[in-house]
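Work through the exercises below with the sequence and the coordinates at hand. Each task is followed by a solution that proceeds step by step.

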Amino acid sequence: TNELPILEDVAMATSSKYKRGKFMIINPKIAINKGGHICISKDTKVKVCDGLDKYWLKKKISGAYSDENSYEVCDTIEFISPIPECFVERASGLKNKDAYVIEIGKITKVYSNNVLGANYAVSYLCRNKNKLFEAEIYDYPYKDIRGYKMFIPSGKEFDEVTEHIMDMLIE
């Protein structure tokens with residue numbers, strides 16, 4: 001097969017609130033840049049196929065609305081399930097139930113095998129809301145279960161760290 005090259009899986013970021021540690025940001029496995037900036041706005045239409053949670057995805061995508069008004073606006077985001085075989089042929093990891101593919105453009109298509117994959121895709125769009133380009137994004141976990149392990153301190157620092165974690169999850 002002609003599998004696409006895989007990017008670094010995890011980037012590390014230092015927290016501005018919590019000075020003693022680093023936080024993981026999950027990067028997509030494959031990103032193919034195809035053009036200029038794209039933004040998602042409150043005028044972007046959202047279409048969700050049967051089998052995915054329409055109400056929840058439409059609400060969650062509002063976190064991806066861009067503050068940038070000089071970019072080309074995405075007209076429509078379509079959520080499609082499952083991921084078509086033509087993508088799986090390019091990256092075998094897309095067979096995983098939590099995988100997703102995003103084709104970002106004037107019409108953006110989000111392919112996933114289940115609602116968790118769609119959630120990870122929306123999280124990517126929200127995290128990168130002012131930095132989206134026309135591109136193809138592929139992501140899938142290496143293992144059957146995605147997970148995150150970290151140390152949470154006790155005592156005085158507990159409230160500060162848990163507050164930061166909640167802020168990070170909300171973003």
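A residue is called buried under 20% relative accessible area, exposed over 50% and partly exposed in between (1.4 Å probe, protein chains only). The model is predicted, so local features need pLDDT of at least 70 and side-chain atom pairs count only at pLDDT 80 or more, whereas totals for chains, interfaces and linings use all residues. Residues are numbered from 1 along each chain as its sequence is written, and side-chain values use heavy atoms, with hydrogens and water left out.

**Exercise 1.** Determine what share of the residues in the protein is buried, and in what pattern its helices and strands follow along the sequence.

*Solution.* Of the 171 residues in the protein, 37% are buried. Taking helices (H or I, at least four residues) and strands (E, at least two) as DSSP runs numbered from the N terminus, one finds four helices and nine strands. Read along the sequence, they give the pattern β-β-β-β-α-β-β-α-β-β-α-β-α.

**Exercise 2.** Find the aromatic pairs and classify each by its geometry.

*Solution.* Rings of Phe, Tyr and Trp (its six-membered ring) pair if their centres lie within 6.5 Å, and planes under 30 degrees apart count as stacked, over 60 as edge-to-face and the rest as tilted. By this criterion the structure holds two aromatic pairs. In the pair of Phe87 and Tyr111 the ring centres are 5.0 Å apart and the planes stand at 45°, so this pair is tilted. Because Phe87 lies in helix H2 (residues 85-88) and Tyr111 in strand S8 (residues 107-112), the pair ties together parts that are 24 residues apart in sequence. Phe87 is buried at a relative accessible area of 6%, and Tyr111 is buried at 8%.

Phe87 also pairs with Tyr138, at 6.0 Å centre to centre and 70° between the planes, which is edge-to-face. Since Tyr138 belongs to strand S9 (residues 133-139) and Phe87 to helix H2, this pair ties together parts 51 residues apart in sequence. Tyr138 is buried, with a relative accessibility of 0%. Phe87, Tyr111 and Tyr138 thus form one aromatic cluster.

**Exercise 3.** At what angle do helix H1 and helix H3 pack?

*Solution.* Axes are lines fitted to C-alpha atoms, for helices over the stretch in contact (heavy atoms within 4.5 Å), and angles run from 0 to 180 degrees between N-to-C directions. Helix H1 (residues 54-61) and helix H3 (residues 115-127) pack at about 15°, with their axes 10 Å apart. Among the residues that meet are Trp56 and Leu57 in H1 and Val122 and Leu125 in H3.
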